[in-house]
Amino acid sequence: MIMTEISLAWLLTKVTSPVVGATKLHHIEGAAKAVDLELADDEQKYLEEPYVPHPLAGVMAQNKRSDASKKHVWTTGAQKIIGGEK
């Protein structure tokens with residue numbers, strides 16, 4: 001078992017579809033193996049133990065429910081999105 005499989009297995013306990021930047025066949029194979037790997041609660045706790053939360057920065061700092069009605073740097077404003085509504 002490699003670190004990639006363990007980290008993706010952990011990520012699957014948090015989200016339903018992690019974004020994986022696979023550029024080689026072994027990346028895809030590792031991601032597929034992670035789906036079958038089930039981490040016990042104590043294993044998840046062990047992996048999360050060193051994590052220290054920190055404030056979000058940049059665009060992600062604006063990604064809060066309380067800021068939903070505000071104008072953000074990542075909004076399209078008056079730009080027209082190709083393929084979107086006309």
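Student: Which residues does E5 touch, leaving aside those up to four places away in sequence?

Tutor: E5 touches G30, K33, A34 and L37, where contact means heavy atoms within 4.5 Å. The model is predicted: local features need pLDDT of at least 70, side-chain atom pairs count only at pLDDT 80 or more, and totals for chains, interfaces and linings use all residues. Residues are numbered from 1 along each chain as its sequence is written, and side-chain values use heavy atoms, with hydrogens and water left out.

Student: What makes E5 a residue without a salt bridge?

Tutor: A salt bridge requires a side-chain nitrogen of Lys or Arg within 4 Å of a carboxyl oxygen of Asp or Glu. For buried E5, the nearest side chain of opposite charge is K33, at 4.2 Å. Lys and Arg count as positive and Asp and Glu as negative, while His and the chain ends are not counted. The distance of 4.2 Å exceeds the limit of 4 Å, so E5 and K33 are not called a salt bridge.

Student: Which pair does form a salt bridge, then, and how many are there in the structure?

Tutor: The structure holds one salt bridge. E48 pairs with K14, the closest N and O atoms being 2.7 Å apart, so the criterion is met. Because E48 lies in helix α3 (residues 41–48) and K14 in the loop between α1 and α2, the pair ties together parts that are 34 residues apart in sequence. Side chains of opposite charge can pair when their charged atoms come close.

Student: Why are E48 and K14 called partly exposed?

Tutor: Buried means under 20% relative accessible area, exposed over 50%, and partly exposed in between (1.4 Å probe, protein chains only). E48 has 30% and K14 has 45%, so each value falls between the two limits.

Student: How do you know that A34 and Q44 are buried?

Tutor: A34, in helix α2, has a relative accessibility of 1%. Q44, in helix α3, has a relative accessible area of 16%. Both values are under 20%, so both residues are called buried. A34 touches E5, L8, A9 and L12, and Q44 touches W10, T13, K14 and L39, in each case not counting residues up to four places away in sequence.

Student: What makes the buried residues of α1 line one face of the helix?

Tutor: In α1 (residues 3–12), E5, L8 and A9 are buried. Seen down the helix axis, they fall within an arc of 105 degrees, so they line one face; the arc is that of the directions from the axis to the C-beta atoms. Their cover includes α2 (25–36).

Student: Why is the pattern of the chain written α-α-α?

Tutor: The chain has three helices and zero strands, and its pattern is read along the sequence. Helices (H or I, at least four residues) and strands (E, at least two) are DSSP runs, numbered from the N terminus.

Student: Which helix has the highest mean pLDDT, and which the lowest?

Tutor: Among the elements of the chain, α3 has the highest mean, 94, and α2 the lowest, 87. This score is the predictor's confidence in each residue, from 0 to 100. For the chain, the mean is 79, and 79% of residues reach 70 or more.

Student: What share of the chain counts as buried?

Tutor: Of its 86 residues, 10% count as buried.
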